[in-house]
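Welcome to this short tour. Keep your viewer open and make each selection as it comes up.

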Amino acid sequence: MTFRRKLLAVVALTVSISVATIAWVVSDVARRAFDRAGEERTAALVAQFQREFHRRGEDVVRRVEAIAASDDTTRMALAVGRGSPDYGAYFNLAKSLGESQQLDFVELVDGQGTIISSAQWPAKFGYKENSFAGGPPALAKDAFLKREELPDGVALGLCALRVLSLGDKPLYVIGGRKLDRDFLATLDLPAGMRAVLYENLGPGFSPQLLIDASGNISQPDKLAPIVQQVQQSGNEASVTVHWSSNPRDDEIFQAIPLQGGNSQLLGILLVGSSRRDYVEVNQRIRSAALLIGGAGILLSILLSAWAATRVIRPVENLAAAAKEVGAGNLRVEVPVNSADELGQLAEAFNQMTRELLEQKERLVQTERVAAWRELARRLAHELKNPLFPLQLTVENLIRAHRQSPEQFDDVLQESSSTLLAEIANLKKIISRFSEFSAMPQPHFQRVQINEVVAGTERLFQAQLRSSEKTNITCQLDLDPRADFMAADPELLHRAITNLVLNAIDAMPQGGTLTIRTREEKNRVHVEISDTGTGLQPEECERLFTPYYTNKQQGTGLGLAIVQSIVTDHGGSINVRSAPGRGTTFHIELPRNLDKLTTPGQQDSRHVKESTVAAKSTSTDRG
Amino acid sequence: MRRSGWPLLVVISVVLAHAASAATRPQYGGTLRVATHIAPVSLDPADTSQSDSIARRNLLSLLYDTLVVMDNAGRIQPALASSWQVESTNQRWQFFLRKDVEFQDSSPLRADAIAASLRSNNPGWTIYPTGNSVVIECRTPEPNLPAELALSRNAIAKRTPMGTIFGTGPFQVAEWQPGKKLTLTAQEGYWGGRPFVDSIVIELGKSSRDQMIALDLGKADVVEVGPEAARRFAMQSRNVASSAPAELIALVFTRSAESADQARLREALALSIDRATIRNVLFQGQGDIAGGILPEWMSGYEFVFPGDRDLQRALQIRGDLRQASAWSVGYDPADPLARLVAERISLNARDAGLMLQPTGSPNADMRVARAALPTTDPRLALESVATGLGLTQPASSGNSAEDLFKAESVLLQTKQTIPLLHVPSAVYATSPVVKSFVLDRDGAWHVSDVWLGTAP
């Protein structure tokens, strides 16, 4: 994965997570806020309902007081005060009073609790009013709930009680309104709110006793738990009812216990508040949050891509430039498009390459000068050695011609030999330099490296046996996998020969010369190791420098030639050595099969194998 | 001075006396406006599809006559038949017709028309004209045949092939809107004398409330009121005419008592009912407590049947029985008084440990029923009430009061009915201009005698 993609992924992921988190937090905060608002709204609606309920109670009280203050009631009170009233005379009075005051329940009761006239159950005259079973009830200022017996059952009423005492015997006026669907329908409720009444006429939950303004409600069992909870606890309770799978149909119900005068639970008022508006707003907020979050994430990805491109481009330019520099091209320059850290980095990079280029040029110049100086020194040194005998020989001739003319011929004869020998030596020196400067390009052909190594070893085995260096043992360790490769056999033989000669020179006291080949990762490795005196680290660093030598008679070109040959074959050479622990030269060569000029050279195993073993090469030990 | 004053005094006295006599003397003319709750769609007296009621009978009496009529004492009086004779077996009756009687189409009343009219409603009789008389032969002795003929369903009507019906009554139809309005004009040549009023406009299908409003607004002269309202009207000094307690209000069980326990429970229920309170309060003192089916004024023996409340006895009976199932007591939803009676009875029954649930459903175990006595003839009335209440017909071996008593006793011992009250079958309130508006004991009116005066 590229740095650009990594950066894009990191930035996009970070931004996406941030946006998603913010969207979730906003949605959650909004949801909580709406939850609180919904609860507050429900509480406000319930309070409003209770006020409305209380207002209805006050209205009932006013109407009952109006009945108590009416002339007809006064006349009845007077009749009651005088004795037993004529029920027939007042039979329809309660009903007419109830109709005039729009009350469902009106009962006129004497001090013993006997009903004189009843609007809700006219035939009940002469019977006892239930609430007088334990004596006259306490007079309540406000309206109260009362369970009213009717011919066809029992009903709840919001009632008020007033007493009229015009004589010794009081007359009680009990009036009220029936808590039924009509009562619920007349309640002035806000939109989205409804009132459901449960008439608690017996233990447990009975769906038929649950009514709202439109009649019996559907799915009454959904409200059974909260009804039973209030029945058991006698306290208010709240529940959210899910009428269907659509959350818009949900309703929050606040259950309010309705208690009678003796704290008996007579009914339960369920104030329902629709959650439709809340759910719709919440869903809109959630949708908006999702939309904004999605758009934010998409935008963040696009911006991240743009930003990554913008940020990465200088880095990519730097990477490409660094790669160029690594390849040796110091003339690369990174464009500087900003003044930020990346711009400063680019500027620094450019400064670095400029300085490296200048240093390289100075180094090349210095090396060139040093090489010329070394060459001059070597040339002077090499040339000075033969020139000095030449000078002595010529001076000796001159002296012999002046001092001993008789011996001049002999001297001349002898001096001429010397002069010729030294001149030949000069020519040889010049020839070597000429040869180094004219290193040929390798001519690749199919080569068996083990054969080349073995040929070289055979060449030197004869030399080692015939010389005084018989205490040097030569060992071969050839890897059969390191077989065919493309190389110039003559140059390869020359390089190996140079390294073998160096190894022999490094073991004046004898030792072991080991030559190994091996194949690894489709590359051929050749190692020439000796057990000689070894090299100092600083010597190792300068070992392949042309004209560097630590020998008295060396030109310093041998290892330089080896390195040149290896490099021309696309390989590399290095040295491992330590004082007293011998030296190992390691050559790594590619197979270079693609360098073969014709397919026949690549495929045929019957190519001409270079025979180098019999070829004697005069190699200077550099 | 002294001599000159006497003539003036005499003149003034004569004028005042004349004025006073003019105010009380019947006057001809005017239109009597009547409102009623019934809404008949047919004026045929033989149409049995129309429900029978005192209001319908009174309506038909304006158009049709019967051969005989019943007076308030339950005696047969001549009408279209001026006389009659019966053979000893009570199976052959011969009625001699009144002369110079015409139908409303001015055709004379003949024996064949009467025979044709009676045949249509009495297929069991053999009826044929004989000169100026009509002979009715019965398969069985019919000592009460004249009372039967006095019923409005046996009113004499002439039916034309065009479907028009004519009677011999004091009025004839001027305009007829079935179920809505009936306008009648006085029959000038009525055999009983021309009615005082020139015409009658009868608004049909009017509710009690609308009738009262019409009366209060002066848009009606005669309206129907319930018996329970008679007291209130009387207290308001309104003119009220009421019949005798000729309507029975009773509890009628749907089924006969299936066991002795059932019969005893029904007896306990009958004993628990406080009829006096129902009468005094619900019916505002109108009517009489009923222990029997026929009222005391009709039978003379009704006091024998107890009608007082005996709660102790009811509790004792109830206590003797192990259990009692709850009853439902039905009432006519259109009859608020019946509902009140049902509710009161339920309360009374609760005192005796019996459970009754009032209901407007027709499928109740018992119902509060009304049965108007169609005639002042006790035997015929008993049979009619038994039919109206769905009871078995009383078996009578004779026509004496003792036979009647036995028949009624047998009916009551079935425990299928519990008589409650006898209340007036008809109560009318009239405006002050209506004069001589009286009702017979059975509620029959005599509008031909009514005249319109001035308001006091």
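Start by selecting A:Glu129 and A:Lys146, and show their side chains. The two form a salt bridge, with their closest N and O atoms 2.6 Å apart. Now colour the chain around them: A:Glu129 sits in the loop between strand 2 (115-118) and strand 3 (144-150) of chain A, while A:Lys146 belongs to strand 3 itself. The pair links distant parts of the chain, its members being 17 residues apart. Keep in mind as you look that this is a predicted model. If you extend the search to the whole structure, 43 salt bridges turn up over all chains.

Next, how many salt bridges are there between chain B and chain A? The count is 1. To see this bridge, select A:Asp86 and B:Arg231, whose side chains meet at 2.7 Å, N to O.

Stay at this interface and widen the selection to everything in contact. You should pick up 16 residues from chain B and 14 residues from chain A. Together the two chains bury about 1,200 Å² between them, and 58% of that is on carbon and sulfur atoms. On the chain B side, highlight B:Val281, B:Arg344 and B:Leu347: these lose the most area to chain A, together 37% of what that side buries. If you switch on polar contacts, look for 8 residue pairs across the interface, both residues at pLDDT 80 or more.

Which elements of chain B supply at least two residues each to the side that touches chain A? Select helix 8 (275-282), helix 11 (336-351) and strand 18 (356-359) of chain B. Helix 11 of chain B gives the largest share, with 7 residues. Colour this side of chain B by class and you will find 5 nonpolar, 5 polar and 6 charged residues.

Now leave the interface for a pocket. Select B:Ser61, B:Val69, B:Ala444, B:Trp445 and B:His446, which are the closest to the centre of the second largest pocket among the 38 residues that line it. About 800 Å³ of space lies in this pocket. Add helix 2 (54-61) and strand 2 (68-70) of chain B, each of which supplies at least two residues of the lining. The largest share, 5 residues, comes from helix 2 of chain B. By class, the lining of this pocket divides into 21 nonpolar, 10 polar and 7 charged residues.

For the last stop, look for a cavity. The search of the whole structure finds 1 cavity of 30 Å³ or more, and the largest cavity holds about 30 Å³ of space. What lines the largest cavity? Select B:Val34, B:Thr36, B:Ala55, B:Leu59, B:Ile202, B:Glu224, B:Tyr428 and B:Trp445 to show its lining. Of these residues, 6 are nonpolar, 1 is polar and 1 is charged. You have already met B:Trp445, listed at the centre of the second largest pocket and again in the lining of the largest cavity.

Conventions
Residues numbered from 1 in each chain as written. Chains lettered and ligands numbered in written order. Predicted model: local features only at pLDDT ≥ 70, side-chain atom pairs only at ≥ 80, totals over all residues. Heavy atoms only, no water. Contact = heavy atoms within 4.5 Å. Buried area = accessible area lost by both parts, 1.4 Å probe. Salt bridge = Lys/Arg side-chain N within 4 Å of Asp/Glu carboxyl O. Polar contact = N/O pair within 3.5 Å; in protein donor to acceptor, adjacent residues only side chain to side chain. Helix = DSSP H or I, 4+ residues; strand = E, 2+ residues; numbered from the N terminus. Nonpolar A, V, L, I, M, F, W, Y, C, P; charged D, E, K, R; others polar. 1 Å grid on protein atoms, 1.4 Å probe; cavity = no way out; pocket = protein on both sides within 12 Å on 5 of 7 lines; lining within 4 Å. Points joined across faces, edges and corners; volume = space filled by probe spheres on them.
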